[in-house]
Amino acid sequence: MSDLQLRPAPVVCGGREDVAGGPVHELLAPRRVPLGESTVVRRLLPSLGRRMVGAWCFVDHYGPDDVTDAPGMQVPPHPHIGLQTVSWLHAGEVLHRDSVGSLQTVRPKELGLMTAGRAIAHAEVSPRGHGPVLHGAQLWVALPDAHRHTDPAFEHHADLPKVTAGNGMEATVILGELDGAASPGTAYTPIFGADLALADGAEVLLPVEPDFEYAALTMSGITEVDGVRVEPGSMLYLGCGRRELPLRADGDSALVLLGGEPFEEKLVMWWNFVGRSGEEIARAREDWMTGDRFGTVYGYDGDPLPAPALPATPLKPRGRTR
């Protein structure tokens with residue numbers, strides 16, 4: 001998924017300056033951003049108050065949208081460097097095409113994991129004959145310096161491990177590990193992501209890593225996370241220092257829990273690029289507009305997405321800002 005803002009602001013992130021060393025409650029309100037022809041997303045990361053959660057550097061929540069008579073998701077070919085994208089659906093289908101030749105329909109509770117590495121381009125659209133509802137999240141993971149120039153690749157995992165509890169919870173492990181169940185998705189940093197479905201009245205003490213920072217995104221229903229009610233489309237940043245996370249459902253609910261070791265490296269994120277300097281970002285933009293570095297997305301009926309103009313202010317990495 002692309003950041004389709006016409007004037008995307010540069011975001012500086014990384015480092016440990018604003019990582020909460022102990023448990024906190026920071027409720028992040030979403031910012032509504034248009035995506036393509038017919039989809040509006042709720043952007044949770046990056047935000048003014050929070051840039052990253054572990055290596056997670058971008059979180060969009062969209063839907064549930066009635067797309068019965070609409071084209072659904074329509075995101076033209078666009079470039080990425082220095083990150084991984086995670087496509088996660090609760091309803092609908094998304095057809096992924098990329099410049100390494102991947103062609104894959106991603107369906108609910110399946111992991112579509114694209115590693116951009118040094119350079120990749122992809123398109124995401126709702127396929128013909130798509131279902132009536134589109135609902136999901138698009139997530140980005142920053143790659144550490146040792147792996148950010150790796151070969152681009154795409155993984156599709158339709159059968160992810162699940163963890164069930166007799167108290168009304170079922171967890172699907174997206175990335176990382178939960179209670180001994182490990183995702184097959186490739187990870188380059190200590191990271192965690194899980195989709196949690198809770199039945200009405202469920203009360204759970206979920207084991208978590210004290211060295212990880214966490215955030216919970218409610219997908220549907222209302223979930224009480226460590227005593228805080230989190231509405232659909234909102235995300236609660238939780239900081240570090242917990243060994244257990246209390247969850248309670250008022251009615252059937254679902255949330256995505258994200259976590260990981262705080263990301264120490266300083267980053268510059270602009271448009272669809274994660275780099276280490278303004279010069280690197282500018283070079284990637286120029287390569288997208290004039291070169292062949294990102295390859296070609298074959299089979300998409302339409303033009304690639306042009307890059308926005310670079311901001312006048314120089315892009316420089318610095319510590320996280322609060």
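A disulfide is counted here as a pair of cysteine sulfur atoms within 2.5 Å. The model is predicted.

Q: How many disulfides does the structure hold?
A: A disulfide is a covalent bond between the sulfur atoms of two cysteines. Cys 57 counts as buried at 0% relative accessibility, and Cys 240 is buried at 7%. The number of disulfides in the structure is zero.

Q: Is strand β24 largely enclosed or not, and why?
A: Strand β24 covers residues 266-270. Four of its five residues are buried, so the rest of the structure leaves β24 largely enclosed.

Q: Which residue in β25 stands opposite Val 268?
A: β24 and β25 (residues 273-275) run antiparallel and are joined by three bridges. The residue of β25 opposite Val 268 is Gly 275.

Q: Is Trp 271 buried or exposed?
A: Trp 271 lies in the loop between β24 and β25, a hairpin with two residues between the strands. Its phi is positive, about 55°, although it is not a glycine. Buried means under 20% relative accessible area. With a value of 3%, Trp 271 is therefore buried.

Q: Is Asp 179 buried or exposed?
A: Asp 179 sits in the loop between β16 (177-178) and β17 (181-182), and its phi is positive, near 50°. A residue is exposed over 50% relative accessible area. At 63%, Asp 179 is therefore exposed.

Q: In which strand is Pro 64 found?
A: Pro 64 follows Gly 63 through a cis peptide bond with omega about 0°. Another cis bond runs from Leu 45 to Pro 46, with omega near -10°, and Pro 46 is in the loop between β4 and β5. Pro 64 is found in strand β5.

Conventions:
Residues are numbered from 1 along each chain as its sequence is written. This is a predicted model: local features need pLDDT of at least 70, side-chain atom pairs count only at pLDDT 80 or more; totals for chains, interfaces and linings use all residues. Side-chain values use heavy atoms; hydrogens and water are left out. Buried means under 20% relative accessible area, exposed over 50%, partly exposed in between (1.4 Å probe, protein chains only). Two strands pair if DSSP finds at least two bridges between them.
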